[in-house]
Amino acid sequence: MKKITSIKTRITIWYTALMLVLISILLIIIGTFSYRLSMESIETNLQKQVNEISQRIMGRHTDEIFYNVESKKEFRNVSICDINGEYIVGQYLYDLTDIPFKEFAPHREMVDGKEYIVYDVFRPARPGETGGYWIRGAEPVGLSKIFSRSFFMIILFIAPIILLLTALGGYYITKKAFLPVNNIVRTADEIYSDNDIKKRVPIDPNAHEDELQNLSRTINRMLDKIEGLIISEKQFTSDASHELRTPVSVILAQGEYLLELAETEKQRELATDIVAKAKQASKLISRLLVLARIDQSRQSFKREKIDINAVADIVVQDMEELAAQKNISILTSIEDNIMLYADEALITSAVSNLVSNAIKYGKESGYVMISASKYNGNVEIKVKDNGVGISKEGLEKIWTRFYREDEARNDEYGSYGLGLPMAKSIVELHGGKIEAKSVLGEGSEFIITMKI
Ligand code: ADP
């Protein structure tokens with residue numbers, strides 16, 4: 001399955017990452033400048049200090065050096081050595097004793113992983129005297145010296161806080177902006193699961209008019225159009241079935257009369273055919289009418305106390321002849337006293353349809369089992385057969401109007417693919433549900449579940 005990442009999360013991750021890159025670039029630029037400035041300032045200070053001391057001891061005897069450099073503070077980073085590099089006075093720069101003296105420019109030295117800026121100046125001895133002095137200034141350059149405290153504050157606190165605020169604020173704004181999308185998805189889901197085309201995407205009249213608001217309005221307009229089409233299609237089915245009812249009844253009645261009058265074998269054959277087809281057409285029309293009435297919420301149904309045993313008896317009686325043609329036994333297993341508050345005629349026609357299917361698609365000399373029991377405060381009516389079964393794909397489609405698994409085979413029974421959709425509509429009209437289980441080649445089971 002494809003992993004779903006919401007657009008909100010993706011946008012938030014994207015601009016938080018962008019923000020992180022921008023802050024990093026900014027910190028690198030600030031850091032580089034800060035580093036250069038700090039180094040320059042350390043070098044300048046060091047040079048100033050060393051040069052000052054060098055000025056003071058210029059042209060003096062060794063002993064005088066002590067008197068000229070009065071304050072210990074001045075020797076904070078400075079030591080004075082003789083021409084051979086032997087320490088005379090000042091701060092003893094222990095780490096740097098092995099580093100040779102280099103005059104003129106400040107130089108960087110690494111000692112034991114620690115970096116120093118070193119500045120050496122040579123002062124020749126007084127005219128007439130030999131030798132001279134090396135004055136060395138040195139300053140360690142630790143990170144804390146290079147970068148200011150505020151720079152570390154930015155890295156440790158301010159940058160993470162800015163990032164967090166950006167992520168949270170951005171997520172909140174995108175979430176708000178995508179609210180209409182959630183409404184559209186919820187409405188589409190509700191229309192799908194509740195089968196209710198009357199639902200519309202809620203639109204906040206005070207909200208900002210944007211692309212998504214516009215999309216919601218367009219979807220609502222489209223739903224209005226679809227609803228209108230569905231209503232007129234239902235109206236057409238209802239009107240057409242209604243209009244066809246009388247002519248088909250006349251054809252059926254006259255066909256039956258013709259059958260009575262038939263004298264030759266051919267006439268009897270023709271009249272039988274007329275009667276059979278007229279019966280099929282009449283069955284189709286009455287199913288279409290029931291469906292149209294339920295769709296238009298015009299199906300009158302009375303809730304009366306009905307006994308499932310009585311319903312099963314009627315169905316078995318009606319179906320015995322059909323079952324006998326294929327030598328199929330109809331078995332029943334109904335718990336005593338199972339009562340339902342439902343419309344007896346409608347429930348009987350739903351169960352009867354399931355049983356007639358079980359026979360139609362049952363195997364020669366097979367069985368059909370009608371059972372009913374109470375389960376978890378519900379009544380479960382099951383119709384099971386050991387017939388041809390239904391394919392996995394077929395199981396998803398059998399509730400669709402006019403769907404037939406095998407059109408050629410079904411034609412011999414005069415099937416129209418309306419029996420199961422009608423049974424489903426009837427059960428749902430009563431607040432129940434119907435489901436099917438089947439294994440191809442082994443048989444099928446239809447289960448109606450209704451509240452007692
Ligand atoms: P029809 O009136 O054509 O039988 P239904 O809506 O009752 O229409 O059934 C739709 C399709 O479901 C049928 O064409 C058939 O292929 C399949 N079907 C229904 N019940 C059974 C069953 N008990 N065993 C096998 N297939 C079945």
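Select helices α9 (residues 344–360) and α12 (residues 419–429) and look at how they cross: the crossing is left-handed. The two helices pack at an angle of about 145°, and their axes are 9 Å apart. This is a predicted model, so every value on the tour is computed from predicted coordinates.

Show side chains at this contact. From α9, display L346, I347, S349, A350, N353, L354 and N357; from α12, display G419, L420, M422, A423, I426 and L429, which they meet. Colour these residues by class, and the contact of α9 with α12 shows nine nonpolar, four polar and no charged residues.

**The sheet with mixed pairing**

Next, select the strands β7, β9, β10, β12 and β11, given here in their order across an open sheet of five strands with mixed pairing. The edges are β7 (329–334) and β11 (433–439), each of which pairs on one side only. Averaged over the sheet, neighbouring strands are turned by 15° against each other, direction ignored. As a reminder for this view, strands of a sheet pair through backbone hydrogen bonds, in either a parallel or an antiparallel sense.

Bring α9 back into the display. Which strands does α9 touch as it packs on this sheet? The answer is β7, β9 (367–375), β10 (378–385), β11 and β12. The direction of α9 makes about 25° with that of β10. Helix α12 lies across β11 and β12, and runs at about 140° to β11.

Zoom in on β11 and β12 (residues 443–451), which pair in the antiparallel sense over seven bridges. One pair to pick out is S438 and S444, the latter being the bridge partner in β12. The two strands form a hairpin with three residues between them. Select G441 in the turn, where phi is positive, at about 90°.

**K382 in β10**

Move to K382, which lies in strand β10. Is K382 buried, partly exposed or exposed? Its relative accessible area is 26%, so K382 counts as partly exposed. Display what surrounds K382: leaving aside neighbours within four places in sequence, it is in contact with M369, I370, S371, E445, F446 and I447. Of these, M369, I370 and S371 fall within the range of β9 (367–375), while E445, F446 and I447 fall within that of β12 (443–451). Then draw a C-alpha to C-alpha distance from K382 to V351: the two are 31 residues apart in sequence and 8.9 Å apart in space.

**Two loop residues with positive phi**

Select S365, found in the loop between α9 and β9. Phi of S365 is near 60°, a positive value in a residue other than glycine. S365 is partly exposed, with a relative accessible area of 47%.

Now select F402, in the loop between α10 (392–397) and α11 (407–411). F402 also has a positive phi without being glycine, with a value near 70°. Its relative accessible area is 46%, which makes F402 partly exposed.

**The antiparallel sheet**

Leave this region and select β2, β1, β5, β4 and β3, listed in their order across an open sheet of five strands with antiparallel pairing. Why do β2 (87–90) and β3 (107–111) each have a side without a neighbour in the sheet? They stand at the edges, and each has a single partner strand, so one side is left unpaired. Neighbouring strands in this sheet are turned by 30° against each other on average, direction ignored.

At one edge, β1 (residues 78–82) pairs with β2 in the antiparallel sense over three bridges. Pick C81 to find Y87 of β2 standing opposite.

Add helix α1 (residues 7–56), which lies across β1, β3, β4 (114–124) and β5 (132–140). The helix runs at about 30° to β4.

**Helices α5 and α6**

For the last stop, select α5 (residues 179–194) and α6 (residues 211–261), which pack at an angle of about 20° with their axes 9 Å apart. That angle makes α5 roughly parallel to α6. The crossing of α5 past α6 is left-handed.

Show P180, V181, I184 and I191 in α5, and the residues they meet in α6: L212, Q213, L215, S216, I219 and L223. By class, this contact has eight nonpolar, two polar and no charged residues.

Technical notes: Residues are numbered from 1 along each chain as its sequence is written. This is a predicted model: local features need pLDDT of at least 70, side-chain atom pairs count only at pLDDT 80 or more; totals for chains, interfaces and linings use all residues. Side-chain values use heavy atoms; hydrogens and water are left out. Two strands pair if DSSP finds at least two bridges between them. Helices (H or I, at least four residues) and strands (E, at least two) are DSSP runs, numbered from the N terminus. Axes are lines fitted to C-alpha atoms, for helices over the stretch in contact, and angles run from 0 to 180 degrees between N-to-C directions. Contact means heavy atoms within 4.5 Å. Angles under 35 degrees count as roughly parallel, over 145 as roughly antiparallel, 65 to 115 as roughly perpendicular and the rest as oblique. A crossing is left-handed if the near helix is turned anticlockwise from the far one by less than a right angle, and right-handed if clockwise. Ala, Val, Leu, Ile, Met, Phe, Trp, Tyr, Cys and Pro count as nonpolar, Asp, Glu, Lys and Arg as charged, and the others, Gly among them, as polar. Buried means under 20% relative accessible area, exposed over 50%, partly exposed in between (1.4 Å probe, protein chains only).
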